[in-house]
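Could you walk me through this structure, one question at a time? I'd like the reasoning behind each answer as well.

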Amino acid sequence: MLGACLSLVLLFPLACSVPSSSRPPSRLCRRCCDHMEPPAASVHYKTPEVHTVINMTILKGDKGDRGDKGTPGKPGIEGSSGNRGPMGPKGSKGETGAPGDACKIPHSSFSVGRRKSLHSVDYYQALVFDTVFVNLYEHFNMFKGKFYCYVPGVYFFNVNIHTWNFKETYLHLMHNDKEQVILYAQPSERSIMQSQSVMLDLALNDEVWVRLYKRERENAVYSDDVDVYITFNGYLVAPSLH
């Protein structure tokens, strides 16, 4: 009994290993030592690539026309300054330019004198003049003895007188109705020359004139019909900027 069972156990694996005739085998049996080479039908052949070579020297054509000029590129970095070159020859003298317009250059000046002596009879008396040396554009009024400003700016004024023996000399240089500087000489047995100067900033239509001022003493200036002892001068130094 035991032997029969043992025989059945040994025969069962053999029976299971026999392939069934009803279906084909699922895979080929091969040995482990066989090389893994694909079947001959599965081998793929690569088609070789063909490259065409053209000889450009044979196909070279005629030279084409020159193309249009391209747009200029960006300027490069400025280079360093070079050495100074030699001095060139002196050029010829140019032609004289046309004269300028004198009306555009402001001028104003005067110089007047007096040949007659004067004794003041009033406390305030304008000193008038009878001799003209310079009176540009008639800015000095000879009848009133006053300079009228037609060109605003800075002016220089000067007055010169000759004193009278034993008499007082007292004058003011006036800007409109205000005294600016004084010219004074005490009574003396000798007559002398006296002078006074000043610079004034004048506006349009300002007046500048010389005034005698009489006090208790007799006020006088000396002159004669031969020589000029009394003068009054003025001129524009710099016109106003506005």
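Q: Which residues form one aromatic cluster together with Phe110 and Tyr155?
A: This is a predicted model, so everything here is computed from its atoms. Searching the whole structure gives 17 aromatic pairs. One cluster contains Phe110 and Tyr155, and its other members are Phe129, Phe140, Phe147, Phe157 and Phe232.

Q: What kind of aromatic pair do Phe129 and Phe140 make?
A: The ring centres of Phe129 and Phe140 lie 6.1 Å apart, and the ring planes meet at 70 degrees. An angle over 60 degrees is the cut-off that matters here. The pair is therefore edge-to-face.

Q: How many residues apart in sequence are the parts that the Phe129 and Phe140 pair ties together?
A: Phe129 sits in the loop between strand 3 (124-126) and strand 4, while Phe140 belongs to strand 5 (residues 140-141). Both of these residues are buried. Because of where the two lie, the pair ties together parts whose separation in sequence is 11 residues.

Q: Which strands hold Tyr170 and Tyr213, and how many residues apart are they?
A: Tyr170 and Tyr213 form an edge-to-face aromatic pair, with 5.0 Å from centre to centre and 85 degrees between the planes. This pair links distant parts of the chain. Tyr170 is in strand 8 and Tyr213 is in strand 11, and they are 43 residues apart.

Q: Is Tyr213 buried or partly exposed?
A: Its partner Tyr170 has 12% relative accessibility and counts as buried. Buried means under 20%. Tyr213 has a relative accessible area of 23%, so Tyr213 is partly exposed.

Q: Which residues have the most contacts inside the largest nonpolar core?
A: As background, nonpolar side chains tend to be buried together in soluble globular proteins. In this model, the largest nonpolar core has 28 residues. Those with the most contacts inside this core are Phe147, Phe157 and Phe232.

Q: Which strand supplies the largest share of this core?
A: Several strands each give at least two residues to the core, including strand 1 (109-114), strand 8 (169-175), strand 9 (178-185) and strand 11 (207-213). The largest share is four residues. That share comes from strand 7.

Q: Why is strand 7 described as largely enclosed by the rest of the structure?
A: Across the protein chain, 26% of the 242 residues count as buried. Strand 7 has 10 residues. The strand is largely enclosed because the number of them that are buried is eight.

Q: What is the strand order of the open sheet of five strands?
A: Pairing in this sheet is antiparallel. Strand 4 (131-135) and strand 10 (193-202) each pair on one side only, so by definition of the term they are the edge strands. On average, neighbouring strands are turned by 10 degrees against each other, direction ignored. The order is 4-1-13-7-10.

Q: How many bridges join strand 7 to strand 10?
A: Strand 7 (residues 153-162) is joined to strand 13 (residues 230-239) by eight bridges, and these strands run antiparallel. In that pairing, Phe157 stands opposite Gly234 and Asn158 stands opposite Asn233. Strand 7 also runs antiparallel to strand 10, where Ile161 faces Gln194 as its opposite residue. The number of bridges joining strand 7 to strand 10 is 10.

Q: Which residues of strand 7 does Thr231 contact, among Asn158, Val159 and others?
A: Thr231 is found in strand 13, and with a relative accessible area of 17% it is buried. Beyond its neighbours within four places in sequence, its contacts include Val112, Gly113, Phe129 and Phe133. The list also includes Asn158, Val159 and Asn160.

Q: Which residues does Ser111 contact, leaving aside its neighbours within four places in sequence?
A: Ser111 has its place in strand 1. At 17% relative accessibility, Ser111 counts as buried. Its contacts are Val132, Phe133, Val134, Phe232 and Asn233.

Notes
Residues are numbered from 1 along each chain as its sequence is written. This is a predicted model: local features need pLDDT of at least 70, side-chain atom pairs count only at pLDDT 80 or more; totals for chains, interfaces and linings use all residues. Side-chain values use heavy atoms; hydrogens and water are left out. Two strands pair if DSSP finds at least two bridges between them. Axes are lines fitted to C-alpha atoms, for helices over the stretch in contact, and angles run from 0 to 180 degrees between N-to-C directions. A nonpolar core is a set of buried Ala, Val, Leu, Ile, Met, Phe, Trp, Tyr and Cys residues joined through side-chain atoms within 4.5 Å. Buried means under 20% relative accessible area, exposed over 50%, partly exposed in between (1.4 Å probe, protein chains only). Contact means heavy atoms within 4.5 Å. Rings of Phe, Tyr and Trp (its six-membered ring) pair if their centres lie within 6.5 Å; planes under 30 degrees apart count as stacked, over 60 as edge-to-face and the rest as tilted.
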